[in-house]
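Could you walk me through this structure, one selection at a time? I have it open in my viewer and would like to know what to click on next.

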Amino acid sequence: MDQAQNGLGQTWQNPLVGAVIVKNGQILAKGYHHRFGDKHAEIDAISHLKNEKAAIGATLYVTLEPCRHQGKTPPCVDKIIELGFKRVVVGQIDPNPLVAGKSVERMKQCDIQVTNLDNSKSMNLAYNFYYQNSRPLITLKYAMSLDGKINQRNGERTRLTGNDTFQDTQKLRLMNQAILIGENTLKVDNPQLTVRCNPTFPPLRIVLIRNAQKLDLQQAIFQSKGPIYILTSYENTQVLPENVHVLVDEAWTPKKIIHFLAQQGIQSLLIEGGSHIHANFIKSGLVDNLVVYIAPKLIGGTGLPSVWGQEIFEMMNFKIKQIVQLGADVKISARRVY
Ligand SMILES: NC(=O)c1ccc[n+]([C@@H]2O[C@H](COP(=O)([O-])OP(=O)(O)OC[C@H]3O[C@@H](n4cnc5c(N)ncnc54)[C@H](OP(=O)(O)O)[C@@H]3O)[C@@H](O)[C@H]2O)c1
């Protein structure tokens, strides 16, 4: 699993995968999936063997069931069988229907001992979720004061949290394949929505704007590279930069947005405000995770609550997964429970 983490932020819609080859109690080679389109972890580990013959009788540990289909690279399972591995230990079955236990069966038929430890799913939560639910895993993230406000006054940007939180939010963006904001957040905060470490596959940026005709192309987001989707109800007639795509629908409901993203193969979505967009998504019942940064500040009788504008009929329950201190702020991560 440590090997797999080396690919963080580079594997796009592929999972993080690590592999180790062991023989007679000794590690012969290690590998991982470096980036989307590159060779898979087990093939990377094999490429680090001094001699491929060393694989005969060896054990391959790999955090995900090897693939059996021709994708951007040839089927890994064929190579494993060809090289004469004696045993293969997988961290989990691949939920992708093209694999889904079929490689394990194939290896068993070829007299390879196969063990599934079922202990690595947490490393690829969104990947697993996507294949199980046919939609992206949705995380709603915001920073708020101790009295639950996300800004000091409506229409005003308020920097609530410190630098440690900023660094953490960058990691959160890196772990998601798409980021979404609402119209007022674009106007008021003027964000770029980029990941500052310049990953090979930055998240898609999505903005909900009622009337795309009102787009202000001077805003920071339009000065940066990488795809931007504008979801709007009215066509735009302005000349737009090549990376900006306008998609028109009478009413972009959360359900339609998620359906559209699922069709694009997007496995994870981070919703970054503001208050009304949060309320819309919460009402739709589609929020799976919450990440809340709490700044030790009181705003008082003004400002927007973190979620505002849409009634829900029943309180939703979340399980707190993690509480960490980030400088002066506190981060709470929670997962929806049903
Ligand atoms: N502290 C934080 O973490 C944080 C994060 C983000 C933003 N903020 C703050 O939040 C404030 C903005 O929040 P906000 O609640 O006013 O605005 P918002 O949630 O950013 O945007 C809401 C607006 O989006 C429009 N919209 C366009 N298409 C839509 C669609 N398909 N579905 C739903 N809405 C759509 C809505 O238009 P209609 O009016 O036509 O429905 C509505 O006016 C800013 O002050 C910003 O600084 C804080």
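Which residue stands opposite Ile181 in E8? Keep that in mind while we find the right place; the model on your screen is a predicted one.

**Stop 1: the nine-stranded sheet**

Select residues 178–182, which make up strand E7, and then residues 204–211, which make up strand E8. These two strands run parallel and are joined by five bridges. Now for the opening question: Val207 is the residue of E8 that stands opposite Ile181.

Next, widen the view. E7 and E8 belong to an open sheet of nine strands, whose order is E10-E9-E8-E7-E11-E6-E12-E14-E13. The pairing in this sheet is mixed. Colour strand E10 (244–248) and strand E13 (317–326) to see the edges, where each strand pairs on one side only. From one strand to the next, the twist averages 20 degrees.

Now add helix H9, residues 275–284. H9 packs on the sheet and touches four strands: E6 (137–144), E7, E8 and E11 (268–271). Its direction makes about 145 degrees with that of E6.

**Stop 2: both senses of pairing**

Here is a helpful rule: strands of a sheet pair through backbone hydrogen bonds, either parallel or antiparallel. Strand E12, residues 289–294, lets you look at both. On the E6 side, six bridges join E6 to E12, and the two run parallel. Click on Leu140 and you will find its bridge partner in E12, Leu290. With strand E14 (residues 329–337), E12 again has six bridges, but here the strands run antiparallel. Select Asn289 to see an example: its bridge partner in E14 is Arg335.

**Stop 3: the five-stranded sheet**

Move to the other sheet on this tour. Five strands form an open sheet in the order E2-E1-E3-E4-E5, with mixed pairing. The edge strands are E2 (26–32) and E5 (113–116), each pairing on one side only. Here the twist averages 15 degrees from one strand to the next.

Zoom in on E3 (residues 59–62) and E4 (residues 87–90), which pair in the parallel sense over four bridges. Thr59 has Arg87 as its bridge partner in E4.

**Stop 4: two helices**

Select helix H4, residues 102–109, which lies across E4 and E5 and runs at about 150 degrees to E5. Then add helix H3, residues 76–83. H3 and H4 pack at an angle of about 15 degrees, with their axes 10 Å apart, and are therefore roughly parallel to each other. Their crossing is right-handed.

Show the side chains where they meet: Val77, Ile80 and Ile81 in H3, and Ser103, Arg106 and Met107 in H4. The residues of this contact divide into four nonpolar, one polar and one charged.

**Stop 5: an annotated spot**

Finish with three residues: His40, Cys67 and Cys76, which an unreviewed UniProt entry annotates as "binding site". They span 37 residues in sequence, yet no two of their C-alpha atoms are more than 8.8 Å apart, so they gather at one spot. To find His40, look in the loop between E2 and helix H2 (41–47).

For a last selection, take residues 1–105, which UniProt lists (unreviewed entry) as "domain: CMP/dCMP-type deaminase". Over this stretch the chain is 22% helix and 20% strand, and its end C-alpha atoms are 23 Å apart.

Key:
Residues numbered from 1 in each chain as written. Predicted model: local features only at pLDDT ≥ 70, side-chain atom pairs only at ≥ 80, totals over all residues. UniProt positions renumbered as here; feature names shortened; annotations may be inferred. Pairing = 2+ DSSP bridges. Axes fitted to C-alpha atoms, helices over the stretch in contact; angles between N-to-C directions. Contact = placed C-beta atoms within 7 Å. Parallel < 35°, antiparallel > 145°, perpendicular 65-115°, else oblique. Left-handed = near helix turned anticlockwise from the far one by under 90°. Nonpolar A, V, L, I, M, F, W, Y, C, P; charged D, E, K, R; others polar.
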